[in-house]
Amino acid sequence: MSSDRDTAPLGRRASGVVHEAKGRRRSTMGPARLVSVLGVFVALSGILGAASIIWGWVWMTNGPNYPRELDSLPQLIQFDQTGDATMTVLDLPVWVRLLSAAPGLVQALMLAGAAFLLMRVLVEIGDGRSFSLAIQRRLGRIALLLVAGSVAVTVLDILAIWRISFETWVFAESVRAEGGRTSTSMGTELPVITWLPLALGFVAFALRWAFKDGAQLEKEVEGVI
């Protein structure tokens, strides 16, 4: 018959395992909730910012709304126009306004999507499934999302800069064609390159392979035991 001295170490080990599991879950669930909240905040900020550009008006609580200045677009540093006409954001076609808003919107949705996937990774780790296939897949999706999204943001910003410049030229030519006078001076931003998300995407690719190696090692250890 087993004595108390035989069962005590086993009980302490079981208690230690339960305590460790609770500690792991506490240390991962807090960051998981924070990441999910930040993801929602980033997504909403991107959507509202894009809607403001596409709408083309400045909303006023104590006065009438008025058209947004052209240099309020994220692609322009400054825009000055003298003569018989002044161009505003509303003079751009809707699809050009959408193109101008697209880089910021894509970046926001990219970060929000990566945050959601990271939250799921943290939950899996908190549940003790650190080397599960689900984590490997989510790390791969995070990597693909950040790398492809970063490239898309840069390409869309380049297209937006080119098209806005072209539209200002068309506007000036239309004023001159009607006998008016106009002169424009425009400064554009450099194309956006999201260096940090791009670098984190490659880090996520590396982590995916590290977690895959960890899962293989875990299987080998279980086989030996």
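How many aromatic pairs does a search of the whole structure find? Three, and two of them are worth walking through here. Keep in mind as we go that this is a predicted model.

Start with Trp162 and Phe166, whose rings form a stacked pair, with 6.2 Å from centre to centre and 20 degrees between the planes. Both residues belong to helix H3, which runs over residues 133-177, and they sit four residues apart, or about one turn of the helix. How much of each side of this pair is open to the outside? Trp162 counts as exposed because its relative accessible area, 52%, is over the 50% mark. Phe166 comes in at 33%, so it falls in the partly exposed range between 20% and 50%.

Phe166 has another partner, too: with Trp169 it makes a tilted aromatic pair, 5.9 Å centre to centre and with 35 degrees between the planes. Trp169 is again a resident of helix H3, three residues from Phe166, which is about one turn of the helix. Put the pieces together and you get one aromatic cluster made of Trp162, Phe166 and Trp169.

Now for what helix H3 packs against. Two packed helices are described by the angle between their axes and the distance between the axes. For H3 and helix H2 (residues 94-126), that angle is about 170 degrees, and the axes are 8 Å apart. Since angles over 145 degrees count as roughly antiparallel, H2 and H3 are therefore roughly antiparallel to each other. As for who takes part, the contact of H2 with H3 has 24 nonpolar residues, along with five polar and seven charged ones.

Next, hop over to Leu190, in the loop that links strand S4 (182-188) to helix H4 (195-224). Is Leu190 buried or exposed? Exposed: its relative accessible area is 74%, and anything over 50% earns that label, so the call follows directly. Even so, Leu190 has company. Leaving out residues up to four places away in sequence, Leu190 touches Asp157 and Ile161. There's also a long jump along the chain to look at: Gln75 is 115 residues from Leu190, yet their C-alpha atoms are separated by 7.8 Å.

One last stop brings us back to an aromatic ring, this time with a charge beside it. Arg208 lies over the face of Trp209, at 5.2 Å from the ring centre.

Conventions: Residues numbered from 1 in each chain as written. Predicted model: local features only at pLDDT ≥ 70, side-chain atom pairs only at ≥ 80, totals over all residues. Heavy atoms only, no water. Helix = DSSP H or I, 4+ residues; strand = E, 2+ residues; numbered from the N terminus. Buried < 20%, exposed > 50% of the residue type's maximum accessible area, 1.4 Å probe, protein only. Contact = heavy atoms within 4.5 Å. Phe/Tyr/Trp six-rings, centres within 6.5 Å; stacked < 30°, edge-to-face > 60°. Lys NZ or Arg CZ within 6 Å of the ring centre and 35° of its normal. Axes fitted to C-alpha atoms, helices over the stretch in contact; angles between N-to-C directions. Parallel < 35°, antiparallel > 145°, perpendicular 65-115°, else oblique. Nonpolar A, V, L, I, M, F, W, Y, C, P; charged D, E, K, R; others polar.
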